[in-house]
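The following note sets out some points on the structure shown below, for consideration alongside the coordinates.

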Amino acid sequence: MKKFCLTGYPLGHSMSPVIHKELFKMNGIDATYELNQVSPEDLAKGLDSFKQYNGFNVTIPHKIGVIPFLDNLSERAQLFGAVNTVDNKNGVLTGHNTDCIGFLKALEMADIALKGDVLLCGSGGVSRMFAFETVLAGAELTIAVRNADIEAGNQIKKEIFEKLDKQVKVITLDEVCTGYDVLINGTPVGMFPNTDACVLPKEIVQKCGAVFDAVYNPLETMLIKYAKEAGIKYSNGLPMLVWQAAVAQEIWFDCSFTMEQVKDVLKITERELTK
């Protein structure tokens, strides 16, 4: 039996075991999936034990920190400087980024076009991916961050210029004063248990053309609620979570999943999340 896991800190109540279990079932795969919480200070030491797994997923705050301990990186993981999936082949660890396909598939499911003027809130591992994919799609990107994260935002700006020869703007969240064609939240603001929080004021959100929130617990964050009230296209982060898991298994098992299969797993996951 093959073994897989998710690592991050803190992990809390993750939906990943539910999702992967359903995906294993669909392809008749005999495998287990567990949570393996590792603190940032124990990451180097903890990763030695990860070679017992055939593969693992990586979440906050390790998507960048895990990279120095891997043997290889896929093209996308190298471009973004962020990893969320690791494949273990005979002790050789290869880092991948399946978040990017999950993100694009989630937008497709919500009929959101990644074009025009895009505002990205956040500068962490998943925001790096959002930033690169937005620029690769040909949109004009503005990154909005907390005052304390200006340096991280400027680092993404610098890397995009160096790797893609494209310019992006970096501002603070309190400088956002207008709507955008697409608003992307790559921060954990609004995540359980702080469900009353929103990354931007209601009046700004409702001036936007579409909203994507990487948060999926709760399914309806304040950001999503504001979008729904205004009749704006929106997606929470759950479709991206399910799709990135499906693509991770495609890497681990050289298999494939259809849109309908992913939708079935999405429905099961939504029911589990709202129990």
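**Points on the predicted model**

1. The side chain of Thr-187 forms a polar contact with the side chain of Asn-185, at 2.7 Å. The model is a predicted one. A further distance concerns the backbone: the side chain of Thr-187 lies 3.1 Å from the backbone nitrogen of Val-189.

2. Thr-187 sits in the loop that connects strand 10 (182–185) with helix 8 (202–205). Its relative accessibility is 13%, so Thr-187 counts as buried, the cut-off being under 20%. With neighbours within four places in sequence set aside, the contacts of Thr-187 are Cys-121, Gly-122, Val-199 and Val-215.

3. A second loop residue, Val-176, is found between strand 9 (169–172) and strand 10. Val-176 has a relative accessible area of 9% and is therefore buried. When residues up to four places away in sequence are not counted, Val-176 touches Leu-119, Ala-144, Ile-171, Leu-200 and Ile-204. Between Val-176 and Glu-41 the C-alpha to C-alpha distance is 35 Å, with 135 residues separating them in sequence.

4. Helix 1 covers residues 16–26, and its buried residues are Ser-16, Ile-19, His-20, Glu-22, Leu-23 and Phe-24. These buried residues pack against three strands, namely strand 1 (2–7), strand 2 (31–35) and strand 3 (55–58), and against helix 10 (238–253) and helix 11 (259–273). After helix 1 comes Gly-28, which has a positive phi, near 60 degrees.

5. For the protein chain as a whole, the secondary structure amounts to eleven helices and twelve strands. The radius of gyration is 18 Å, close to the 19 Å given by the globule rule for 275 residues, so the chain is as compact as a globular protein of that length. Along the principal axes, the C-alpha atoms occupy a box of roughly 55 × 40 × 30 Å.

6. Burial and contacts may be considered together. Buried residues make up 52% of the 275 in the protein chain. Among contacts with a separation of 6 or more, 67% involve residues 24 or more positions apart.

7. The remaining point concerns surface and charge. The protein chain has an accessible surface of about 12,500 Å², and carbon and sulfur atoms contribute 49% of that area. The chain carries 27 positive and 34 negative charges, and the mean positions of the two sets are 2 Å apart.

Definitions and conventions:
Residues numbered from 1 in each chain as written. Predicted model: local features only at pLDDT ≥ 70, side-chain atom pairs only at ≥ 80, totals over all residues. Heavy atoms only, no water. Helix = DSSP H or I, 4+ residues; strand = E, 2+ residues; numbered from the N terminus. Rg over C-alpha atoms; globule rule 2.2 N^0.38 Å. Buried < 20%, exposed > 50% of the residue type's maximum accessible area, 1.4 Å probe, protein only. Contact = heavy atoms within 4.5 Å. Areas by Shrake-Rupley, 256 points an atom, 1.4 Å probe, with all protein chains shown as cover. Lys, Arg positive; Asp, Glu negative; His and termini not counted. Charge placed at Lys NZ, Arg CZ, Asp CG, Glu CD. Polar contact = N/O pair within 3.5 Å; in protein donor to acceptor, adjacent residues only side chain to side chain.
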